Amino acid sequence: MEAEKMDENEWKYHGEGNQSLVVSHCQRCVVLRFLKSPPNQNKTSEEILHHLQNIVDFGKHVMKQFFGENYVHHGEIIQLPLDFVRQLCLKIQPERPESRCDKDMDTLSGYAMCLPNLTRLQTFRFVEPRPILCIEIKPKCGFIPFSSHVSQEIKHKVCRYCMHQHLKVANGKWKRPSKYCPVDLFSGNKQRMHFALKSLLQEAQNNLKIFKNGELIYGCKDDQECSSDWNELARHLKPFFFPSNGLVSGPHCTRTIVKELIHVITLTLLSSTDACRAGDMKTVPVSQGRSYCEASAFNKELVRNGKHKLESSGLPRGCLLYKTLQAQMLDMLDIEGLYPLYNRVEQYLEEFPEERSTLQIDGPYNEAFYEKLLDLSTEDDGTIAFALTKVQQYRIAMTAKDCSIMIALSPCLQDECSEQRPVVLASKTRFTFSVSVLDLDLKPYESIPHQYKLDGKIVNYYLKNVQAKDDPVMSSLFKENEDCTLVLHKV
Ligand SMILES: O=P(O)(O)O[C@@H]1[C@@H](OP(=O)(O)O)[C@H](OP(=O)(O)O)[C@H](O)[C@H](OP(=O)(O)O)[C@H]1OP(=O)(O)O
Ligand SMILES: Nc1ncnc2c1ncn2[C@@H]1O[C@H](COP(=O)(O)OP(=O)(O)OP(=O)(O)O)[C@@H](O)[C@H]1O
């Protein structure tokens with residue numbers, strides 16, 4: 001891309017999260033990703049460049065090893081004319097959701113990341129006439145903590161996402177709780193995965209978005225403005241799934257189309273389209289801990305029907321969900337076991353601040369950094385080296401718990417499908433597809449105390465307001481002492 005010929009009119013607002021804002025090119029399959037920061041907390045150009053370099057290095061040298069070459073797109077840093085960036089910022093400002101405007105896009109440094117547009121198929125450089133559907137899923141944490149450091153029994157039974165839902169609804173972040181449970185999605189069991197995906201379609205929150213030809217057609221633009229009209233969605237999807245059947249309509253048709261969509265997403269999520277270095281590394285056995293969440297609506301339904309055994313078929317080793325789960329499980333000690341180790345590192349840094357760079361706390365995220373992550377021992381020998389390895393592994397796990405998966409699908413005729421491109425079959429169509437992972441920015445070392453506090457809040461809220469209400473004995477105990485934020489232990 002020629003930076004000097006940049007024209008803001010060729011770019012449009014695409015989306016944003018808490019840390020970055022993304023614009024897409026109208027003709028080419030690329031996006032620009034800009035960092036964001038709170039007003040009046042602008043970083044210097046050098047700091048922005050350093051941050052972006054860290055993001056690229058981390059994707060290239062670390063996350064590619066965990067996820068595989070094809071799934072990760074680390075992108076490159078681009079220096080843009082400041083005038084272009086300022087004009088672009090003005091142009092897209094009206095498109096931005098209000099809830100994201102507490103932070104401003106960086107317009108002072110001129111640096112951004114240039115990445116492939118993952119809402120397009122990865123084999124095409126230019127926007128092409130072929131219709132493309134893209135499903136973005138932010139799956140969140142797919143396992144129940146197995147660490148012996150966990151102090152509350154509930155954490156061994158109910159997953160963090162399901163507990164967190166209650167706090168989020170109470171705080172007004174979402175109007176309704178979602179029935180989605182990540183442990184079902186990561187189970188590898190098709191029935192459970194179908195249920196999880198259907199729940200995401202019912203209440204997308206910030207966990208599901210659907211794009212058609214690069215445009216958002218389903219999901220939340222804003223925390224307030226969510227599109228969840230299945231009839232409208234089916235209207236968009238019909239040409240993809242039933243290209244020659246113009247007559248089918250009505251609720252039955254909507255359900256059929258949504259079912260087809262869920263089926264195709266499940267198959268692509270279970271497909272293996274890449275190998276990776278860490279794939280051969282023995283990380284954490286998926287069988288550790290409980291394989292289902294007690295709060296999952298799917299599980300509750302089974303229990304209601306007198307069935308008590310939830311199946312988890314396990315994920316195929318090569319699929320992106322498996323790799324994501326393995327990376328998430330680098331959180332072996334849980335934040336409760338990790339926090340004292342973080343404090344050990346902090347204490348050491350207080351004594352030897354000059355060691356911060358040798359310890360690679362803030363990078364560089366290179367081959368040496370990756371190599372140190374491979375030590376999976378959990379036996380604490382009291383050293384700073386042990387504490388640091390666990391802290392860095394925890395940061396990787398947190399990153400994998402917050403990343404998103406992009407599935408791009410394009411219908412193809414039988415003779416069009418080449419052997420190089422994976423294909424997935426729906427009942428009336430076949431699709432070529434690509435699966436990628438995005439938002440792999442390493443979570444900051446400094447966020448660990450926040451994680452510790454948030455964990456306590458989520459669990460306490462759940463115990464006090466949800467579990468206690470389900471349990472008459474607990475409920476009366478809480479009523480007797482409304483101030484009690486302390487957690488009750490089983491006797
Ligand atoms: O802590 P969580 O699980 O609420 O995750 C945060 C996300 O909230 P979510 O629960 O997905 O709605 C949150 O997403 P939203 O901004 O709420 O869409 C961010 O992704 C946040 O990451 P960062 O700290 O900005 O890098 C995420 O924070 P991290 O914990 O990943 O740092
Ligand atoms: N390479 C890409 N291709 C297409 N769309 C993208 C790409 N990168 C990001 N996006 C879109 O932009 C949105 C915001 O990007 P991203 O998730 O990286 O932001 P973030 O601020 O880091 O997120 P978070 O809030 O999770 O920290 C994504 O949800 C996705 O829809």
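Q: Which residues in α9 meet residues in α12?
A: In this predicted model, Thr 324, Ala 327 and Gln 328 of α9 meet Ala 397, Ala 400 and Lys 401 of α12. By class, these residues of the contact divide into three nonpolar, two polar and one charged.

Q: What makes the residue Lys 401 of this contact charged?
A: Lys counts as charged, together with Asp, Glu and Arg, and Lys 401 is among the residues of α12 that take part, so the one charged residue of the contact is Lys 401.

Q: Why is the packing of α9 and α12 called oblique?
A: Helix α9 (residues 320-328) and helix α12 (residues 384-401) pack at an angle of about 140 degrees, with their axes 7 Å apart. Roughly antiparallel requires an angle over 145 degrees, and roughly perpendicular covers 65 to 115, so about 140 degrees falls among the rest, which count as oblique.

Q: Why are α3 and α13 called roughly perpendicular to each other?
A: Helix α3 (residues 160-170) and helix α13 (residues 448-470) pack at an angle of about 80 degrees, with their axes 9 Å apart. Because angles of 65 to 115 degrees count as roughly perpendicular, the two helices are therefore described in that way. The contact includes Met 163 and Leu 167 of α3 and Leu 454, Ile 458 and Tyr 462 of α13, and by class it has nine nonpolar, three polar and two charged residues.

Q: What makes a residue of the chain buried, and what percentage of the residues are buried?
A: Buried means under 20% relative accessible area, and buried residues make up 53% of the 491 residues in the chain.

Conventions: Residues are numbered from 1 along each chain as its sequence is written. Chains are lettered from A and ligands numbered from 1 in the order in which they are written. This is a predicted model: local features need pLDDT of at least 70, side-chain atom pairs count only at pLDDT 80 or more; totals for chains, interfaces and linings use all residues. Side-chain values use heavy atoms; hydrogens and water are left out. Axes are lines fitted to C-alpha atoms, for helices over the stretch in contact, and angles run from 0 to 180 degrees between N-to-C directions. Helices (H or I, at least four residues) and strands (E, at least two) are DSSP runs, numbered from the N terminus. Contact means heavy atoms within 4.5 Å. Buried means under 20% relative accessible area, exposed over 50%, partly exposed in between (1.4 Å probe, protein chains only). Angles under 35 degrees count as roughly parallel, over 145 as roughly antiparallel, 65 to 115 as roughly perpendicular and the rest as oblique.
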